[in-house]
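Student: I've got a new model open and I'd like to learn how to read it. Can we start with the sheets and then move to the ligand?

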Amino acid sequence: MVGGGITGLATAYFLRQSGLDVTLIEAGDSLGGKIQTLELAGVPVEAGPDTFLARVPWAVDLCRQLGLGDDLVAPATGKAWLWIGDRLRPLPERHVLGVPTALRPLVRSAVLSPAGVARAALDLVLPPTSAGPDPSVAAVVGRRMGRQVVDRLVDPLVGGINAGRADMLSLAATARPIADGAARSRSLVLGLRRAAPGPGGPVFLGLVGGLHRLVDRLAEEAGAADVRTATTVTAIATGAGGYKVECAPGPHVEVETVVLTVPSFAAAGMLAALSPLSAGHLGAIRHASVVTATLAYAPSALARPLEGAGMLVPRVEGRLITACTWSTTKWPALAASGMVLLRASAGRDGDSRAMDLDDTELVRRVHGELAEALGLREPPQASLVSRWARGFPQYDVGHQARVDAIEAALAADAPGVLVAGASYRGLGIAACVEQARRAAGLVTAPGPVAAPG
Ligand SMILES: Cc1cc2nc3c(=O)[nH]c(=O)nc-3n(C[C@H](O)[C@H](O)[C@H](O)COP(=O)(O)OP(=O)(O)OC[C@H]3O[C@@H](n4cnc5c(N)ncnc54)[C@H](O)[C@@H]3O)c2cc1C
């Protein structure tokens, strides 16, 4: 296993359950990859992900298997806002990833101009539109409902989850529910309305004390495995019984099978000599950089109570921040800090301004924008900045075909070398666990295993 993020750890766990000998090599000093629970104002705060999708079984089941079932906790849900112009406007009720499925709440929200609403309503009467075999999110939504729905609703949601651009992101790879709605009916609104109701229960879950507990439990379970941190894999070459994994610092490791769970650009470097074709495809997957900044305010800083759960900031507004969660509202346990915690994100595909600022200036600018949006009267008392350089893989148009091509090239050039993780078939934690399960299945029983959906 190369990489000790959730994908590598979960793959190691599944393989250990099958009784295989596993070596896990991680470049960083600690395990967990993007999952990092840190501390601010005496409470645990997430620097990276804070929840995982609960409407699919993979991450939830893994937590239960690891004895963490009783510690799964749903975040408080509440109204979400869009910061458009000089004020926060409510995200209209009844939407699928930002695509409105009812016009009345859309009108009431005042998120679109009257002309924008009229254009969106045209979806109901326009003849069928065709957007080719693997269209972008914007191509499909824009043709049916107009540019304002893309810029002010769908890009903040779909683009927000992926730190990407609706103009570039593949609809099939990043917004499956919209793709299904588009396939179901000539009208997007009607197609999305016809979707079967989802299962009940929370959409997302976190863990009491923070997601790092999942990492810690997986690391404990991997105890019998050979886990090497602070060791960077530099290349994979053919070896005596399979493959030779070159490490810095050494020594190298001889293995039968290699599962690369590192970001695709790192895998590309390791495979340059062994499989130039797969390395070329791997290197072509773009990544965006993001910064998260959690700011702790004294309650007296709030001029008015915080309503709802957080806000999204459309790209077209040109602000530094892309989103902000009212963390102490979302996770009431954090109120033990006695502070009001706000977690802002900044940076996305095509916008590296936040990455270019030092921490002090970044916090100053983030606070300035939050003060403007929320009426904060005092600066933060403490802050925590985390930088995720090339942290978000971009599932551009053509992504799924590219991943298929990577797997085909590896099967031909380097059978027994697999890739799994956020760069490939879903970047959320749940999708990473599913890919880990699939990779472990391929290692223990090589042969066709259905790709995760
Ligand atoms: C700010 C942020 C917020 C997010 N929010 C959510 C959320 O709320 N919900 C959700 O489901 N997902 C969220 N995600 C996405 C999710 O956290 C990640 O996609 C997922 O954790 C990635 O797991 P991974 O194991 O595939 O990769 P990683 O976590 O990136 O792990 C890869 C590991 O490989 C190591 N590595 C790299 N190169 C080498 C090398 N040469 N040799 C050895 N090791 C190497 C790295 O050090 C790293 O530890 C978020 C991501 C970020 C950055």
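Tutor: Sure. Before the sheet, one definition: two strands count as paired if DSSP finds at least two bridges between them. Strands of a sheet pair through backbone hydrogen bonds, either parallel or antiparallel. And keep in mind that this is a predicted model.

Student: What is the strand order in the open sheet of three strands?

Tutor: The order is β12-β13-β14, and the pairing is antiparallel. β12 and β14 (253-255) are the edge strands, each pairing on one side only. On average, neighbouring strands here are turned by 25° against each other, ignoring direction.

Student: How many bridges join β12 and β13?

Tutor: Six, linking β12 to β13 (residues 243-248) in the antiparallel sense. To see the register, look at threonine 238, which stands opposite tyrosine 243 in β13.

Student: Now the ligand. Which residues come nearest?

Tutor: Count a residue as near if one of its heavy atoms lies within 4 Å. There are 31 residues around the ligand, and Glu26, Lys34, Thr51, Leu427 and Ile429 come nearest. By class, the shell has 15 nonpolar, 13 polar and three charged residues.

Student: Which polar backbone atoms should I check against the ligand's oxygen and nitrogen atoms?

Tutor: Try leucine 427, with a polar backbone atom 2.5 Å from a ligand oxygen. Alanine 27 has one 3.0 Å from a ligand nitrogen, and a backbone N or O atom of alanine 422 is 3.0 Å from a ligand oxygen. The protein covers 86% of the 1,000 Å² of accessible area that the ligand has on its own.

Student: Which elements give two or more residues to that shell?

Tutor: α1 (6-17), β12 (232-238), α11 (264-271), β20 (382-393) and α17 (429-444).

Technical notes. Residues are numbered from 1 along each chain as its sequence is written. This is a predicted model: local features need pLDDT of at least 70, side-chain atom pairs count only at pLDDT 80 or more; totals for chains, interfaces and linings use all residues. Side-chain values use heavy atoms; hydrogens and water are left out. A polar contact is a pair of N or O atoms within 3.5 Å; within protein, one must be able to donate a hydrogen and the other to accept it, and residues adjacent in sequence count only if both atoms are side-chain atoms. Accessible areas come from the Shrake-Rupley method with a 1.4 Å probe; for residues, only the protein chains shown count as cover. Helices (H or I, at least four residues) and strands (E, at least two) are DSSP runs, numbered from the N terminus. Ala, Val, Leu, Ile, Met, Phe, Trp, Tyr, Cys and Pro count as nonpolar, Asp, Glu, Lys and Arg as charged, and the others, Gly among them, as polar. Axes are lines fitted to C-alpha atoms, for helices over the stretch in contact, and angles run from 0 to 180 degrees between N-to-C directions.
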